[in-house]
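Subject: Structure for you, plus notes

Hi,

Here is the structure I promised to pass on. Have a look at it first, and then read my notes underneath.

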Amino acid sequence: MGTKSSVDVVIIGAGIVGLSSAYFLAKNGLAVSIVEKDSIGSHASGFAYGSLSPLGEAGLSEEIIPELSIGRLGMSLHKQLAIDLPVLTGINTEYRIRPSMDLAFTDQEIEKAQLNIRWQKKEEGYKIQWLERDEVLNLMPIVSNRIRGAVYTEGVADVEPYKLLLGLTQACEDMGVTIKHGCVTAVDTNPSGVSKISTLTEDIFCKHVILAMGPWTAKSSNWVGTNVPIRPLKGQILRLKSSIDPINCSIGWNGNYACTKPDGLIWAGTTEEENGFDENPTPTGRDSILKSLLRMIPSLAEARLVQQTACLRPISQDGRIILGEIPSNKGILIGTGTGRKGILLGPAMGYILSTLICTGTPPIDIKDFSIERFHI
């Protein structure tokens, strides 16, 4: 016979969305349990690059546009978390404002970059400019002399994702959130809402459930009786030690990036691989990253590989996040599909989900992100 407990909200998944949801719910006085099948930070949220830019980076600026309002909110919340979490927990999340430089090597890349600049300049709080080749090389001499120019942006930031998760975890536990290790086997509902979730060892009775399982959220389709079109997108990152001066700017091109992080290592990535649930780093992934890195910064040919990581990002059928209540299942909410933007969007998604539970109304319009768009 398993044990029984009762809370207001059960969150399935302890990544950035799940922990952020718990944090804001607990701040509002709700009793919360998180159920996580693995350890905190053992998947995408703990191994991410940690870039924070509602404008997009690494030459992928247009990809943020569908979630721009969520990105703005995420940036605002990250600034506040960077103040609050060290005070609450003593954990420094290594949030820092630093510039980005998105390189262009071809006429087509120049055209795309300058189109993006038009809408980026309308965003408050950022300084964005196009730099010609010589201006780029004067500012960043390590960049390849084959570049044609770059978009230089001030006001964007980054964070150390694993430390952010540790800070959120400690803050949640200090506010009474219970984090349980287990595998959910069922979510039971009745006409008035959720009644309980079951694990292999326990039944937890609750009023609301948040599904925040990253790419594994697809497994909830049977629980909620509707298709959750999420799949894993594998990404790999290299951490390198180099004798060159620190790269105090996120240098990006064609979805790839490189920057010296506070640990003194150059973090370089990334890949986008459709390989199911295989989370293993590979030589092919390493070589792909190095090829792009050396095109951007040839002098890093001397760098030494210190660590290679891989993780699975959740991506939806149409590439946009899935966020909000599941209309056919009262009391069940979902937050997933962040792709490469999880660390930026995660706190905002958690805040929105917590506000929906506490007030019934989201703080910003999220109708475009409803799971119902896949079932019309």
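Let me start with a small puzzle: where does Glu94 lie? Glu94 sits in the loop between H2 and strand S5 (96-97). Before going further, please keep in mind that this is a predicted model.

**Backbone oddities**

I began with Glu94 since its backbone deserves a look. Its phi is near 60°, a positive value in a residue other than glycine. Glu94 is also buried, with a relative accessible area of 17%, and the cut-off for buried is under 20%.

Asn254 is another non-glycine residue with a positive phi, about 55° here. You'll find Asn254 in the loop between strand S16 (250-253) and strand S17 (256-260). Is Asn254 buried or exposed? With a relative accessibility of 52%, Asn254 counts as exposed, because the line for that class is drawn at over 50%.

There is a cis peptide bond too: it joins Gly269 and Thr270, with omega at about 5°. Thr270 belongs to the loop between strand S18 (266-269) and H7.

**Helix H1**

The length of helix H1 (residues 16-27) checks out. Its 12 residues, at 1.5 Å each, should span 16 Å, and the C-alpha atoms at its ends are indeed 16 Å apart, so the two agree. H1 is mostly covered, with 11 of its 12 residues buried. The buried residues include Ile16, Val17, Leu19, Tyr23, Phe24 and Leu25, and Gly18, Ser20, Ser21, Ala22 and Ala26 are on that list as well. Just after H1, Gly29 takes a positive phi of about 90°.

**The second largest pocket**

If you want a pocket to look at, the second largest one holds about 200 Å³ of space. It is lined by 13 residues, and those closest to its centre are Gly59, Leu103, Glu109, Lys112 and Ala113. Two elements give two or more residues to this lining, strand S6 (100-104) and helix H3 (107-120). Which of the elements supplies the largest share? That is H3, with 5 residues. By type, the lining of this pocket divides into 5 nonpolar, 5 polar and 3 charged residues.

**Glu57 and its partners**

Glu57 is in the loop between strand S4 (51-52) and helix H2 (68-89). At 11% relative accessibility Glu57 counts as buried, and its side chain has polar partners. One polar contact, of 2.5 Å, links the side chains of Glu57 and Ser51. Another, of 3.4 Å, runs between the side chains of Glu57 and Ser250. Both could be worth a click in your viewer.

**Asp287 and Gln307**

Asp287 lies in helix H7 (residues 283-296) and is partly exposed, with a relative accessible area of 41%. The Asp287 side chain makes a polar contact of 2.9 Å with the side chain of Arg286. How far apart in space are Asp287 and Gly276? The C-alpha to C-alpha distance is 20 Å, for residues that are 11 apart in sequence.

Gln307 is part of strand S19 (residues 304-316). Its relative accessible area is 33%, so Gln307 is partly exposed. Between Gln307 and Ile179 there are 29 Å from C-alpha to C-alpha, and the two are 128 residues apart in sequence.

**Cysteines**

How many disulfides does a search of the whole structure find? The count is 0. Take Cys249: the nearest cysteine sulfur belongs to Cys259 and is 6.9 Å away, whereas a disulfide needs two cysteine sulfur atoms within 2.5 Å. That is why Cys249 is in no disulfide here. Cys249 is buried, with a relative accessible area of 1%.

Cys358 is in no disulfide either; in its case the nearest cysteine sulfur is that of Cys172, 13 Å away. Cys358 is partly exposed, at a relative accessible area of 31%.

That is what I have for now. Shout if anything is unclear.

Cheers

Conventions. Residues are numbered from 1 along each chain as its sequence is written. This is a predicted model: local features need pLDDT of at least 70, side-chain atom pairs count only at pLDDT 80 or more; totals for chains, interfaces and linings use all residues. Side-chain values use heavy atoms; hydrogens and water are left out. On a 1 Å grid over the protein atoms alone, a cavity is a set of points where a 1.4 Å probe fits but cannot get out, and a pocket is an open set with protein on both sides within 12 Å along at least five of seven lines; lining residues have an atom within 4 Å of a point. Grid points are joined across faces, edges and corners, and a volume is the space filled by probe spheres set on the points. Helices (H or I, at least four residues) and strands (E, at least two) are DSSP runs, numbered from the N terminus. Ala, Val, Leu, Ile, Met, Phe, Trp, Tyr, Cys and Pro count as nonpolar, Asp, Glu, Lys and Arg as charged, and the others, Gly among them, as polar. Buried means under 20% relative accessible area, exposed over 50%, partly exposed in between (1.4 Å probe, protein chains only). A polar contact is a pair of N or O atoms within 3.5 Å; within protein, one must be able to donate a hydrogen and the other to accept it, and residues adjacent in sequence count only if both atoms are side-chain atoms. The expected span of a helix is 1.5 Å times one less than its number of residues.
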